[in-house]
Amino acid sequence: MKRPKLKKASKRMTCHKRYKIQKKVREHHRKLRKEAKKRGRKKPRKDPGVPNSAPFKEALLREAELRKQRLEELKQQQKLDRQKEQEKKRKLETNSGVKPSNLEPVKEEFGQGKTKDKPKSGKQNPKKLYCQELKKVIEASDVVLEVLDARDPLGCRCPQVEEAIIQGGQKKLVLVLNKSDLVPKENLENWLNYLKKELPTVVFRASTNLKDKGKIVKHLKVRKRAPFKSEVCVGKDGLWKLLRGFQDAYGKAIQVGVIGFPNVGKSSIINSLKQERICNVGVSMGLTRCMQVVSLDKQITILDSPTFIVSPLNSASALALRSPASIEVVEPVEAASAILSQADARQVVLKFTVPDFKNPLEFFTSLAQRRGLHRKGGSPNLEGAAKLLWSEWTGASLAYYCHPPTSWTPSHINEGIVTNMKQGLNLEELEKNNAHSIHTIRGPRLASSILFQSSGLTNGIIEEKDIPEELPKQKEKQQQEEGEDSSDQESVEEAGEKGSDMCGAEEAWEALPEKSQADESVLSYITDKMTEEEDDAYDFSTDYV
């Protein structure tokens, strides 16, 4: 007998159950609406389009359609260009016969013209490139500004470069005493009286807080240039009037070269004159690696230059203060010990608040314990303390000073050269401006500054043939930093607000070894606690719901 087919279960339910479900659904929707009201509605608004009453509606719609087509064509073209570049790179990689040195011109083709005027570095010694760029600046300049650190003006002068400028013809050489706010006023006046007997001298204090070039603030779809903000710049008017007076006497447009040793403030002076951050500046030494042209107005053009190359025949303290770590192998402990040997020990103890020391290693140990610089196991980080002292001494924050010589003149400058350099310059007005600058500057007190014994003029190398061959350590360091050079140069031109901040942070991290393992452990402990608190709060909210 055939078994009868069973019917499906009925979906009917009691009215009580159905009404209960509908009530729960209404409460759920009400709760969602209430939460959405608290958060605020963030629905994307539809484009209302062009109203019918607007004049030239058809023309506007046509322009919008053309603009949309252009954007699509541009995207397609960029996509094709990227594909072509990738194909070329694949061909170069598959070609085993190509040497690494032959790949660099290809990279420059893909750089969109960014490195057009820059020197082709390759595997060439960077010191030779610096000499080439320095010669370009000197040859193209009508007036040369030699920037000196007011804390050690004599140590910032290079007799070889000054001789090359004097022999170059009718060029004016002017000394600029930068960082004049880091020395006592009495010492600054003594140095000014000493230097102006030889060459025209300008007292200057560069701005340090400048807005980046091309920084634009977006607000309500209106592009506005950010206002210029800077700390007080002293001596700008005096330098402007000096250059303007020489240009009027010269009768045509002039080019002004800015030269000097690393970290004396060459690029900062140009930024102060231009009133925006147009040249890259930072904590690390030797950031400028090629000639940069900056036009102040139609008649005056500024040429920024890389640093002088220090001769290895100088004293240990001169090498420590004037050698950028980017092109020289600098041993931190040796460099800091050489600097410490030239400074007044009693004033160093008071400045860094450490106990008396008998030798540099004892000082580095005390400084490491004072600043919390420790290695694994709790031993003091002597190398980190040496880097800290070296970076503060070469930076723009530590106040120290040197006494000028009582009676001494360089052998490469005679009375005829002195009179020739002062012709065509309004020295009376310059003297008034210098007096006003000294009166305006708020320098440190003599008791709170460190007395430093200068090692005299610093010999430099201006000819490429005089540059000694690199040591194996220098070659290794150059190979490691070879890949970073191009990115550093591109960041000068392309970095925006965020990029410049990140670059400044990386420079400060590399140059200042103040981040100890103790600080890192504290930071990691704080972040761990914050994440734990967030997790607890999240669990609490879920339980509550």
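## A tour in three stops

Start by selecting strand β7, residues 292–295: Gln 292 and Val 294 sit on its covered face, while Val 293 and Ser 295 are on the uncovered one. In a regular strand, side chains alternate between the two faces of the sheet. Keep in mind as you click around that this is a predicted model.

Now add strand β8, residues 300–304, which pairs with β7 in the antiparallel sense over four bridges. The two strands make a hairpin, with four residues between them. To see one of the pairings, pick Val 293 and look across to Leu 303, its bridge partner in β8.

Next, jump to helix α15, residues 427–440. Its 14 residues should span 20 Å at 1.5 Å a residue, and the end C-alpha atoms are indeed 20 Å apart, so the two agree. Show the side chains of Leu 430, Asn 433, Asn 434, Ser 437 and Ile 438: these are the buried residues of α15. They cover an arc of only 140° around the axis, which means that they lie on the same side of α15. What do the buried residues of α15 pack against? Select α6 (185–195), β3 (201–203) and α7 (236–250) to see their partners. Then spin round to the face turned away from the buried side, where Glu 428, Lys 432, His 436 and His 439 are exposed.

Last stop: helices α12 (residues 360–371) and α13 (residues 382–394). Their axes are 8 Å apart and cross at an angle of about 90°, so the pair counts as roughly perpendicular. For the contact itself, show residues including Phe 363, Phe 364 and Leu 367 of α12, and Leu 382, Leu 388 and Leu 389 of α13. Arg 371 of α12 and Glu 392 of α13 are also among the contact residues.

Key: Residues numbered from 1 in each chain as written. Predicted model: local features only at pLDDT ≥ 70, side-chain atom pairs only at ≥ 80, totals over all residues. Heavy atoms only, no water. Buried < 20%, exposed > 50% of the residue type's maximum accessible area, 1.4 Å probe, protein only. Pairing = 2+ DSSP bridges. Expected span 1.5 Å × (residues − 1). Arc of directions from axis to C-beta. Contact = heavy atoms within 4.5 Å. Axes fitted to C-alpha atoms, helices over the stretch in contact; angles between N-to-C directions. Parallel < 35°, antiparallel > 145°, perpendicular 65-115°, else oblique.
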